[in-house]
Amino acid sequence: MNFVNNAGQVGVVPGKLTGGKTSAEIDISLDEITRDEFNLNQLIVAATSVGKVFGLYTSANGRILWSFFLKGAVPFKRLNTGKNSIDANLLFLQRTAAHVPYEAQCALVTQIQDNSSQQLKTRVFFFNPLTGQPAKEHPADGYLLDYQIRQAFLLNVHDAHYLKPLVLF
């Protein structure tokens, strides 16, 4: 299992797409997920190459808060300097929970096999990592791009809403 990215205070893609559990369906409430003085309580998001994404809460002994399987996800092939290539879906933290009143936001970039043309297309999902809900200003099933991307990264500056832009080309 290849874990692509894990970062503090990140979250989930909609359960509607995945059949996984969201934070509303578990017995840990959002009130229990708190920021502590030493920043030891953290929410970790990990994405595997096969499209399984986990949200782990470190204060609850690494308990899985939510998980989902992204149906039809095809990982990107990224070459390694060794003999093997690394297959990965891309996970980005665009905004942390530190920017009140704005909600935290993550982006998951993966490929999807188009059944009609048998070509790979890029799908981008935006979600609130603390609640497990899709980002309010984006479609619940994400965006389907008609092309494959060659590179994806976050800019190191943020906009007026403390959101780091995701660059795809």
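**Note on a predicted model with one helix and 13 strands**

1. Val 45 has its place in strand 1, where strands (E, at least two residues) and helices (H or I, at least four) are DSSP runs numbered from the N terminus. With a relative accessibility of 0%, Val 45 counts as buried; here buried means under 20% relative accessible area, exposed means over 50%, and partly exposed lies in between, with a 1.4 Å probe and protein chains only. Four of the five residues of strand 1 are buried, so this strand is largely enclosed by the rest of the structure. Between Val 45 and Ile 64 the separation is 19 residues in sequence and 9.8 Å in space, C-alpha to C-alpha.

2. Before going further, the basis of the values should be stated. The model is predicted, so that local features need pLDDT of at least 70 and side-chain atom pairs count only at pLDDT 80 or more, while totals for chains, interfaces and linings use all residues. Residues are numbered from 1 along each chain as its sequence is written, and side-chain values use heavy atoms, with hydrogens and water left out.

3. As to the whole protein, its secondary structure comes to one helix and 13 strands, and the order of elements from the N terminus begins with the helix, followed by the strands. Of the 169 residues, 40% are buried. Among contacts (heavy atoms within 4.5 Å) between residues at least 6 apart in sequence, 52% join residues at least 24 apart. The accessible surface, from the Shrake-Rupley method with a 1.4 Å probe, comes to about 9,700 Å², and 52% of it belongs to carbon and sulfur atoms.

4. Three strands form an open antiparallel sheet in the order 1-2-3, where two strands pair if DSSP finds at least two bridges between them. Its edges are strand 1 (43-47) and strand 3 (63-69), each of which pairs on one side only. On average, neighbouring strands of this sheet are turned by 15 degrees against each other, direction ignored; the axes are lines fitted to C-alpha atoms, and angles run from 0 to 180 degrees between N-to-C directions.

5. The pairing of strand 1 with strand 2 (residues 52-57) is antiparallel and covers five bridges. Within it, Ala 47 has Val 53 as its bridge partner, and Ala 46 stands opposite Phe 54. The two strands form a hairpin with four residues between them, and Gly 51 in its turn has a positive phi of about 100 degrees. In strand 3 lies Phe 69, which at 37% relative accessibility counts as partly exposed; Phe 69 and Lys 52 are 17 residues apart in sequence and 4.4 Å apart in space, C-alpha to C-alpha.

6. Strand 7 deserves attention in its own right. Five of its six residues are buried, so strand 7 is largely enclosed by the rest of the structure. Strand 7 pairs with strand 8 (residues 105-113) in the antiparallel sense over five bridges, with Leu 93 partnered by Cys 106. In the loop between these two strands is Pro 101, and the peptide bond from Val 100 to Pro 101 is cis, with omega near 15 degrees.

7. Strand 9 (residues 120-128) is mostly covered, with eight of its nine residues buried. Strand 8 and strand 9 run antiparallel and are joined by eight bridges, in which Cys 106 has Phe 127 as its partner. Their hairpin has six residues between the strands, and there Gln 118 takes a positive phi near 60 degrees. Strand 9 also pairs in the antiparallel sense with strand 11 (residues 143-145) over three bridges, and with strand 10 (residues 133-134) over two bridges. In the hairpin of strand 9 and strand 10, with four residues between them, Gly 132 in the turn has a positive phi of about 80 degrees.

8. The largest pocket has a volume of about 300 Å³. Of the 15 residues that line it, the closest to its centre are Phe 76, Arg 78, Leu 90, Arg 150 and Gln 151, and strand 5 (76-79) and strand 7 (90-95) each supply at least two residues of the lining. A pocket here is an open set of points on a 1 Å grid over the protein atoms alone, where a 1.4 Å probe fits and protein lies on both sides within 12 Å along at least five of seven lines; lining residues have an atom within 4 Å of a point. The volume is the space filled by probe spheres set on the points, which are joined across faces, edges and corners.

9. A last backbone detail concerns Tyr 162, which has a positive phi of about 60 degrees although it is not a glycine. Tyr 162 lies in the loop between strand 12 (152-154) and strand 13 (166-168), and at 36% relative accessibility Tyr 162 counts as partly exposed.
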